[in-house]
Amino acid sequence: VSLTKKNVGPGEFIVKEGDDMKSGLLLVNGTIKVSRECRQDPAMITVSCTKQIFLFGATNLLGLADKSACTVRAMTACKCQVITQDALRKALDCHPSESIDF
């Protein structure tokens with residue numbers, strides 16, 4: 001199963017809240033800021049800021065949502081791996097005992 005590499009520069013948006021999204025992204029290195037629009041105030045609130053290996057878009061990857069719930073912005077140069085639903089299915093086909101959990 002192959003994953004697609006995605007390199008993002010500092011300040012670039014990786015995904016914006018409300019974007020169509022049918023995959024998950026694995027942050028391999030770099031620092032991201034995850035934020036979400038506050039319903040009572042149009043300002044964005046920071047949900048998380050991380051520089052560790054981090055998976056975002058899990059609900060999209062599993063087919064439970066089709067829009068991004070948060071905005072993810074690169075704070076430094078970031079390297080990500082895009083995991084599509086098709087890639088996940090192929091990986092689970094190779095490991096059927098693991099597919100029980102999904």
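Okay, one definition before the picture: when I say helix or strand, I mean a DSSP run, H or I over at least four residues for a helix and E over at least two for a strand, numbered from the N terminus. Also keep in mind that this is a predicted model.

With that, the overall layout. The protein chain has two helices and eight strands. Walking along the sequence, you get β-β-β-β-β-β-α-β-β-α. There are 102 residues in the protein chain, and 32% of them are buried.

Let's go to the sheet. Four of the strands make an open sheet, ordered 1-8-3-6, with antiparallel pairing. On the edges sit strand 1, residues 4–8, and strand 6, each of them pairing on one side only. Neighbouring strands in this sheet are turned against each other by 30 degrees on average, if you ignore direction.

Now let me take the pairings one by one, starting at the strand 1 edge. Strand 1 and strand 8 run antiparallel and share five bridges. If you want a residue to click on, Asn-7 has Lys-79 of strand 8 as its bridge partner. Next over, strand 8 pairs with strand 3, again antiparallel, through six bridges. There, Ser-23 is bridged to Thr-84 in strand 8. And then strand 3, residues 23–29, pairs with strand 6 in the antiparallel sense, with three bridges. Leu-25 and Phe-56 are bridge partners in that pairing, Phe-56 being the one in strand 6.

So how enclosed is strand 8 by the rest of the structure? Largely: five of the seven residues in strand 8, which covers 78–84, are buried, so the rest of the structure encloses most of it. The cut-off behind that is under 20% relative accessible area.

Strand 8 also brings me to the cysteines. How many disulfides does the structure hold? Zero. Take Cys-78: it is in no disulfide, and the nearest cysteine sulfur belongs to Cys-80, 5.7 Å away. To call a disulfide we'd need the two sulfurs within 2.5 Å, so that pair doesn't qualify. And is Cys-78 buried or exposed? Buried, because its relative accessibility is 2% and the limit is under 20%. Cys-94 goes the other way: at 56% relative accessible area it is exposed, as that takes over 50%.

Next up, the largest pocket. Its volume is about 180 Å³. Thirteen would be a lot to read out, so I'll just say that of the 13 lining residues, the ones nearest the centre are Phe-56, Gly-57, Asn-60, Ala-69 and Cys-70. Phe-56 you've already met, as the bridge partner of Leu-25. Which elements supply at least two residues each to this lining? Strand 6, residues 54–56, and helix 1, residues 58–61. Helix 1 contributes the most, three residues. By class, the lining comes to nine nonpolar and four polar residues, with no charged ones.

Last bit: a few pairs that sit far apart in sequence, with their C-alpha separations.

Gly-18 is in the loop joining strand 2, residues 13–15, to strand 3. Its C-alpha is 5.0 Å from that of Ser-68, which is 50 residues away along the chain. Gly-18 itself is partly exposed, at 40% relative accessible area.

Then Lys-33, over in strand 4, residues 32–37. Lys-33 and Ala-74 are 6.4 Å apart, C-alpha to C-alpha, with their positions 41 residues apart in sequence. Lys-33 counts as partly exposed too, with 31% relative accessibility.

Back in the sheet, Asn-29 belongs to strand 3. Its C-alpha lies 6.8 Å from that of Gln-52, 23 residues away along the chain. At 35% relative accessibility, Asn-29 is partly exposed.

And finally Leu-62, in the loop between helix 1 and strand 7, residues 71–74. Leu-62 and Arg-89 have C-alpha atoms 9.7 Å apart, with a sequence separation of 27 residues. Leu-62 is partly exposed at 43%.

That's what I have, so let's open it up.

Methods:
Residues are numbered from 1 along each chain as its sequence is written. This is a predicted model: local features need pLDDT of at least 70, side-chain atom pairs count only at pLDDT 80 or more; totals for chains, interfaces and linings use all residues. Side-chain values use heavy atoms; hydrogens and water are left out. On a 1 Å grid over the protein atoms alone, a cavity is a set of points where a 1.4 Å probe fits but cannot get out, and a pocket is an open set with protein on both sides within 12 Å along at least five of seven lines; lining residues have an atom within 4 Å of a point. Grid points are joined across faces, edges and corners, and a volume is the space filled by probe spheres set on the points. Ala, Val, Leu, Ile, Met, Phe, Trp, Tyr, Cys and Pro count as nonpolar, Asp, Glu, Lys and Arg as charged, and the others, Gly among them, as polar. Two strands pair if DSSP finds at least two bridges between them. Axes are lines fitted to C-alpha atoms, for helices over the stretch in contact, and angles run from 0 to 180 degrees between N-to-C directions. Buried means under 20% relative accessible area, exposed over 50%, partly exposed in between (1.4 Å probe, protein chains only).
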